[in-house]
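The questions below invite a first-year student to examine a protein chain together with its bound ligand. Each answer sets out its reasoning before it gives the value or name requested.

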Amino acid sequence: MKTLETKSLVLLKHHLKALRLPTVLAECEKVAAQAAADNVDHLAYLLQLLELELLDREKRSAERRLKAARFPTIKTLDTFDFNARPSVNKMLIATLARCEYIDKRENVLMIGNPGTGKSHLATALAAQACQKGYRVRFFRTTELVTTLIEARDERTFLRLKAQLAKLDLLVLDELGYVPASKVGAELLFDVISTAYERTSLIVTSNLPFESWTEVLGSERLTGATLDRLTHRCQIIETKGESYRLHDAKSRTRRAKTTDPGATANPPQPASSEVVDEGQSAS
Ligand code: ADP
Ligand code: MG
């Protein structure tokens with residue numbers, strides 16, 4: 001009897017492996033013991049196991065999609081302080097987190113000064129899309145353009161374009177930090193027009209629309225790019241000064257009020273954030 005049971009168990013485990021049901025494999029004995037103790041019938045036992053498998057499978061594929069999206073850092077909406085950025089409509093962000101814009105192939109544009117939370121929001125929304133089962137890829141725009149230029153004459157170019165075509169959501173972060181070359185601007189335009197009405201885009205930029213010609217070079221290309229991007233899109237403006245600068249300033253203020261004599265080591269913003277303030281003022 002015992003050897004028969006052992007033999008069935010070995011066979012069962014083999015079949016579960018072959019069928020790729022790792023959670024059922026890991027949990028079946030434990031859940032069986034519990035089911036016996038609770039007097040649960042066979043169908044309920046099977047249901048419990050399959051529910052566990054399904055939950056784990058969803059978790060594993062969300063993790064895979066998050067990894068494939070290649071976010072430079074993971075950010076969430078929970079950690080975004082909406083009070084510090086009143087120009088950002090919290091309700092709109094909550095609606096976007098439901099990802100219906102992706103089903104409708106709509107775009108999201110985030111415009112604002114450096115340090116105002118554009119990449120944070122873009123990453124958090126895109127991570128939400130990964131959780132919901134959409135295929136996502138995050139690029140800093142200059143990196144994508146450089147990769148496309150380098151791959152232009154090779155087979156990798158077509159492979160990259162094919163990968164982009166399979167996405168549900170493409171994030172182009174920091175469009176406008178560096179002016180693109182003529183070829184770069186054309187390649188970027190090609191990505192944006194290929195995505196048009198097929199793949200949703202989240203684009204972040206520190207430049208207002210009227211300055212996009214500086215990045216894309218020609219009026220014609222800028223007009224055509226904006227035409228595609230802004231046809232059916234939500235525009236989010238992150239107005240105000242850099243969050244880190246604001247954070248550093250309020251820490252300095254707090255230090256001064258709690259200890260009026262404390263001037264020895266006030267928190268200093270990083271040099272790039274000092275530049276931020278200059279840019280916000282301009
Ligand atoms: P941007 O892309 O607009 O230059 P980031 O999104 O990179 O700005 O924000 C800079 C840093 O400040 C990041 O670490 C980000 O998480 C944080 N940050 C910005 N805005 C907020 C906010 N409203 N609440 C919490 N953290 C924020
Ligand atoms: Mg950014």
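Q: How far from an oxygen atom of ligand 1 does a backbone N or O atom of T116 lie?
A: This is a predicted model, and the distance is computed from its atoms. The atom of T116 concerned is a backbone N or O atom, and its partner is an oxygen atom of ligand 1. Two such atoms form a polar contact if they lie within 3.5 Å. The distance here is 3.1 Å.

Q: Which residue has a polar side-chain atom 2.6 Å from an oxygen atom of ligand 1?
A: Ligand 1 is surrounded by 14 residues, and the closest include S119 and H120. An N or O atom in the side chain of S119 lies 2.7 Å from an oxygen atom of the ligand. The distance of 2.6 Å belongs to a polar side-chain atom of H120.

Q: How many helices and how many strands does the protein chain have?
A: The protein chain has 282 residues, of which 38% count as buried. Among its contacts with a separation of 6 or more, 80% join residues 24 or more positions apart. The secondary structure comes to 13 helices and 5 strands.

Q: Is N107 buried or exposed?
A: N107 is found in strand β1, which covers residues 107–112. Leaving aside neighbours within four places in sequence, N107 is in contact with several residues, including T199, L201, R228 and Q234. The relative accessibility of N107 is 5%, and the limit for burial is under 20%, so N107 counts as buried.

Q: Which element gives the most residues to the largest nonpolar core?
A: In soluble globular proteins, nonpolar side chains tend to be buried together. The largest nonpolar core here has 32 residues, and L144, L170, L172, L201, V203 and W212 have the most contacts inside it. Several elements each supply at least two residues of this core, among them β1, α7, β3 and α11. The element that gives the most, with 7 residues, is α9.

Q: How many residues does the second, separate core have?
A: V203, one of the residues with the most contacts inside the largest core, touches V108, L109, M110, L172, L175, W212 and L229, not counting residues up to four places away in sequence. M110 is included in the second, separate core, as are L96, Y101 and L121. The size of this second core is 30 residues.

Q: Why is the pair of F71 and F138 classed as it is?
A: There are 3 aromatic pairs in the count. The ring centres of F71 and F138 lie 5.9 Å apart and their planes meet at 70°; planes over 60 degrees apart count as edge-to-face, so this pair is edge-to-face.

Q: How many residues apart are F71 and F138?
A: F71 is in the loop between α3 and α4, whereas F138 is in strand β2. F71 counts as buried at 11% relative accessibility, and F138 counts as buried at 4%. The pair links distant parts of the chain, and the two residues are 67 residues apart.

Q: Which residue of the pair F209 and W212 is partly exposed?
A: The rings of F209 and W212 have their centres 5.4 Å apart, with planes at 70°, so the pair is edge-to-face. W212 is buried, with a relative accessible area of 0%. The partly exposed residue, with a relative accessible area of 25%, is F209.

Q: How far is R137 from the ring centre of F139?
A: R137 lies over the face of F139. The distance from R137 to the ring centre is 4.0 Å.

Conventions
Residues are numbered from 1 along each chain as its sequence is written. Chains are lettered from A and ligands numbered from 1 in the order in which they are written. Side-chain values use heavy atoms; hydrogens and water are left out. Helices (H or I, at least four residues) and strands (E, at least two) are DSSP runs, numbered from the N terminus. Buried means under 20% relative accessible area, exposed over 50%, partly exposed in between (1.4 Å probe, protein chains only). Contact means heavy atoms within 4.5 Å. A nonpolar core is a set of buried Ala, Val, Leu, Ile, Met, Phe, Trp, Tyr and Cys residues joined through side-chain atoms within 4.5 Å. Rings of Phe, Tyr and Trp (its six-membered ring) pair if their centres lie within 6.5 Å; planes under 30 degrees apart count as stacked, over 60 as edge-to-face and the rest as tilted. A charge sits over a ring if NZ of Lys or CZ of Arg is within 6 Å of the ring centre and within 35 degrees of the ring normal. A residue is near a molecule or strand if one of its heavy atoms lies within 4 Å of it. A polar contact is a pair of N or O atoms within 3.5 Å; within protein, one must be able to donate a hydrogen and the other to accept it, and residues adjacent in sequence count only if both atoms are side-chain atoms.
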